[in-house]
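Here are some worked exercises to try with the structure open beside you. Have a go at each task before you read the solution.

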Amino acid sequence: MCGRYASTKARQELLDEFQIDLDATEDALEPDYNVAPTKQVPAVIKRAPKGSGAEGEEAEAVRTLRTLRWGLVPSWAKDLSIGNRMINARLETVHEKPAFRRAFARRRCLLPADGFYEWYELKSPGEQPKKPKKQPFFIHPRDGDMMAMAGLYELWKNPEDEWVWTCTVITTAATDDVGRIHDRMPMIVEPEMWTAWLDPDTNDPETIRGLLRPAMAGRMEAYPVSVTVNNVRNNGPSLVEPLPDGDISGEYGATLF
C-alpha cells in the first residue's frame, strides 16, 4: 500500500511541470514531507471550470491544479470517515469496485510526489515479539525526478451542503525493486501518458489500465530513514535523510538496493 509520501514541490513548479491551465488552489502549498491520510494534497485533474461555457453549450475541460482530501469518499457514502479506509485502490479490482469504478472511468488525477514511505518488518532470531519493530524506508526515483502517482478523485456533499473533494492512490503488486520492503507500491503515469490519463473521455477500462506503470520500475532507490516519520505531526526535510551506515537495525547499510 501507499500510506505516506512526500510532496514538496512549490506551486509554480507544479504549474510549469504539468502545464496547468487553471490554478484552483485556494491556500498556500507548503512542502509536506509527511503526507498522511485525510490531509489536503496537491492534485492535477482535467475538468470544466464551474460556471464556464455559454448557455446551452458544454464547457471545455481544462487541466487544473487543486487540493484534494486524501481518502476517497464515494458520492453515495453517508459519512466522511469512510475515506479513511479508501486511501488506496488496487489496480487489479479498481475498475469493478463500486467505490471506485465511476471515478476510474471519468475522474482520474495525478498526485505529485517526491517519493513514498514503506515499513519493513525487522526479523530477529529467537522468540518473536508480539509487535515486531518496523523500519521506515523512503523510496524515490534515483534521478531525483518527481513522480506523478495515478489517482482517482470524487466529490461528496457533506451535511452542510458543501462539496468535499477527495482522492485515492492506485497501487499494484510491487516490483523486485520495492518488493523486498513491501508487497504493494503506487502506480505512476509517465509524462507522455498524462493527457490520456486525465481525459474524462478516455473511459475504456483496459485502455486506461494500459496507461499505468509500477512506480518507475528499475529506477527507484530505497534507504532507511528515521522513525520520527511514524508520527504524522513530524515534518521537514530531515524525514527523508538516509540513516548512516550501521543504522538502528544493524541489518543493512544506508541503501537496500
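Buried means under 20% relative accessible area, exposed means over 50%, and partly exposed covers the range in between. Please keep in mind that this is a predicted model.

**Exercise 1. An aromatic pair between two strands**

Task: Classify the ring pair of Tyr120 and Phe137, and say whether each residue is buried, partly exposed or exposed.

Solution.
- Step 1: Start with the search of the whole structure, which finds eight aromatic pairs.
- Step 2: For Tyr120 and Phe137, the ring centres are 6.3 Å apart and the planes stand at 80°, so the pair is edge-to-face. The cut-off used here is that planes over 60 degrees apart count as edge-to-face.
- Step 3: Place the two residues. Tyr120 lies in strand S8 (residues 115–121) and Phe137 in strand S9 (residues 134–141), so the pair ties together parts that are 17 residues apart in sequence.
- Step 4: Apply the accessibility classes. Tyr120 has a relative accessible area of 23% and is therefore partly exposed, whereas Phe137, at 0%, counts as buried.

**Exercise 2. A tilted pair and its cluster**

Task: Find the geometry of the pair Tyr117 and Trp119, then list the cluster that contains them.

Solution.
- Step 1: Among the eight aromatic pairs, Tyr117 and Trp119 have a centre-to-centre distance of 6.4 Å and 45° between their planes, and this pair is tilted.
- Step 2: Check the surroundings of one partner: Tyr117 is buried, with 0% relative accessibility.
- Step 3: Extend the pair to its cluster, which is made up of Tyr117, Trp119, Phe138 and Tyr223.

**Exercise 3. Reading the sheet**

Task: Give the strand order of the open five-stranded sheet and name its edges.

Solution.
- Step 1: The order is S3-S1-S8-S9-S14, with antiparallel pairing.
- Step 2: S3 and strand S14 (220–224) are the edge strands, each pairing on one side only.
- Step 3: On average, neighbouring strands of this sheet are turned by 30° against each other, with direction ignored.
- Step 4: Look at one pairing. Strand S1 (residues 5–7) and S3 run antiparallel and are joined by two bridges; in one of these strands, S3, Val35 is the bridge partner of Tyr5.

**Exercise 4. A strand with two neighbours**

Task: Describe how strand S10 is enclosed and how it pairs with S7 and S11.

Solution.
- Step 1: S10 spans residues 147–157, and 10 of its 11 residues are buried, so the strand is largely enclosed by the rest of the structure.
- Step 2: Towards strand S7 (residues 108–113) there are six bridges, and the two strands run antiparallel. Ala113 faces Met147 of S10.
- Step 3: With strand S11 (residues 163–173), S10 forms seven bridges, again in the antiparallel sense. Here Lys157 has Trp163 of S11 as its bridge partner.
- Step 4: Five residues lie between the strands in the hairpin of S10 and S11, and Asp161 there takes a positive phi near 65°.

**Exercise 5. Unusual backbone angles**

Task: Explain what deserves a second look in the phi angles of Gln19 and Thr38.

Solution.
- Step 1: Recall that most residues other than glycine have a negative phi.
- Step 2: Gln19 is not a glycine, yet its phi is positive, about 50°. Gln19 sits in the loop between helix H1 (11–17) and strand S2 (22–23), and counts as exposed at 61% relative accessibility.
- Step 3: Thr38, also not a glycine, has a positive phi of about 80°. Thr38 belongs to the loop between strand S3 (32–35) and strand S4 (40–47), and is partly exposed at 37% relative accessibility.

**Exercise 6. Salt bridges**

Task: Which parts does the salt bridge of Glu92 and Arg184 tie together?

Solution.
- Step 1: The side chains of Glu92 and Arg184 meet at 3.0 Å, N to O.
- Step 2: Glu92 lies in the loop between strand S6 (88–90) and helix H2 (101–106), and Arg184 in strand S12 (residues 184–188), so the pair links parts that are 92 residues apart in sequence.
- Step 3: Compare the burial classes: Glu92 is partly exposed at 34% relative accessibility, while Arg184 is buried at 8%.

Note on methods. Residues numbered from 1 in each chain as written. Predicted model: local features only at pLDDT ≥ 70, side-chain atom pairs only at ≥ 80, totals over all residues. Heavy atoms only, no water. Buried < 20%, exposed > 50% of the residue type's maximum accessible area, 1.4 Å probe, protein only. Helix = DSSP H or I, 4+ residues; strand = E, 2+ residues; numbered from the N terminus. Pairing = 2+ DSSP bridges. Axes fitted to C-alpha atoms, helices over the stretch in contact; angles between N-to-C directions. Salt bridge = Lys/Arg side-chain N within 4 Å of Asp/Glu carboxyl O. Phe/Tyr/Trp six-rings, centres within 6.5 Å; stacked < 30°, edge-to-face > 60°.
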